[in-house]
Amino acid sequence: MTGGAGDGGIDGIIREDQLGLDEVYMQAKKFAGRVGVGELRNFVGARAQKGVFVTTADFTAGAKELSAQSQKRIVLISGEDLARLMVRHDVGVRVQDPHRRPILIKGIDEDFFDQG
């Protein structure tokens with residue numbers, strides 16, 4: 001984790017190899033509205049050549065266009081995408097009422113996020 005003022009819009013760094021030769025920078029935003037070009041431009045301007053920008057909301061068309069046109073590889077994950085990934089990989093979800101329904105319905109496991 002990084003953080004605070006002057007972090008260049010970086011919330012975390014993933015080292016893809018043990019030596020740290022290849023890094024993926026991460027940014028996470030809890031937004032009510034849409035993440036715009038300004039937020040994404042700050043992130044794209046960071047040091048990494050690869051990045052993942054996650055938001056609980058969505059991205060503006062301009063932000064999506066900037067990501068697509070950037071020479072850096074930037075993956076955008078919207079709140080909807082994040083929810084799908086959480087369900088697919090069983091992160092922060094639990095099966096609700098597994099004995100009553102033939103289809104498993106998953107909901108957010110709030111206890112998972114209160115571990116902190």
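1. Let's start with two strands that sit side by side in this predicted model. E2 and E4 run parallel, and 6 bridges join them. To find one of these bridges yourself, look at Met-26: its bridge partner in E4 is Val-52.

2. E2 has another partner as well. Strand E1 (residues 12-15) pairs with strand E2 (residues 23-29) in the antiparallel sense, over 4 bridges. Here a good place to look is Arg-15, whose bridge partner in E2 is Glu-23. While you have the strands on screen, keep in mind that in a regular strand the side chains alternate between the two faces of the sheet.

3. Now step back to the whole chain. The protein has 4 helices and 8 strands. Reading from the N terminus on, their order is β-β-β-α-β-β-α-β-α-β-β-α. The protein has 116 residues, and 30% of them count as buried. Take the contacts in the protein with a separation of 6 or more: 40% of them come from residues 24 or more positions apart.

4. Helix H1 is a nice one to turn around in your viewer. Which residues of H1 are buried? They are Leu-40, Phe-43 and Val-44. These residues lie on the same side of H1, because they cover an arc of only 95 degrees around the axis. Arg-41 and Asn-42, on the other side of H1, are exposed.

5. What do the buried residues of H1 pack against? Their packing partners are E2, E4, helix H2 (61-69) and strand E6 (73-77). So the strands E2 and E4 from the opening point, which run parallel, turn up again here as partners of H1.

6. Ser-67 makes a good worked example. This serine lies in helix H2. Is Ser-67 buried or exposed? Ser-67 counts as buried because its relative accessibility is 9%, and buried means under 20%. Leaving aside neighbours within four places in sequence, Ser-67 is in contact with Leu-40, Ile-74 and Leu-76. You have met Leu-40 already, as one of the buried residues in H1.

7. Next, look for enclosed space. The structure holds 1 cavity of 30 Å³ or more, and the largest cavity has about 40 Å³ of space. Its lining consists of Ile-10, Tyr-25, Phe-43, Val-44, Ala-46, Ala-48, Lys-50, Gly-51, Lys-72 and Ile-74. Helix H1 (37-44) and strand E4 (50-55) are the elements that give two or more residues to this lining. Sorted by class, the lining of the largest cavity has 7 nonpolar, 1 polar and 2 charged residues. Phe-43 and Val-44 are among the lining residues, and both are buried in H1. Ile-74 also belongs to this lining, and Ile-74 is one of the contacts of Ser-67.

8. Finally, find the largest pocket, with a volume of about 210 Å³. Which residues line the largest pocket? They are Ala-28, Lys-29, Val-54, Thr-55, Thr-56, Leu-82, Leu-85, Met-86, His-89 and Val-91. The elements that give two or more residues to the lining are E2, E4 and helix H3 (79-88). H3 gives the most, with 3 residues. By class, the lining of the largest pocket divides into 6 nonpolar, 3 polar and 1 charged.

Terms used
Residues are numbered from 1 along each chain as its sequence is written. This is a predicted model: local features need pLDDT of at least 70, side-chain atom pairs count only at pLDDT 80 or more; totals for chains, interfaces and linings use all residues. Side-chain values use heavy atoms; hydrogens and water are left out. On a 1 Å grid over the protein atoms alone, a cavity is a set of points where a 1.4 Å probe fits but cannot get out, and a pocket is an open set with protein on both sides within 12 Å along at least five of seven lines; lining residues have an atom within 4 Å of a point. Grid points are joined across faces, edges and corners, and a volume is the space filled by probe spheres set on the points. Ala, Val, Leu, Ile, Met, Phe, Trp, Tyr, Cys and Pro count as nonpolar, Asp, Glu, Lys and Arg as charged, and the others, Gly among them, as polar. Two strands pair if DSSP finds at least two bridges between them. Buried means under 20% relative accessible area, exposed over 50%, partly exposed in between (1.4 Å probe, protein chains only). The arc is that of the directions from the helix axis to the C-beta atoms. Contact means heavy atoms within 4.5 Å.
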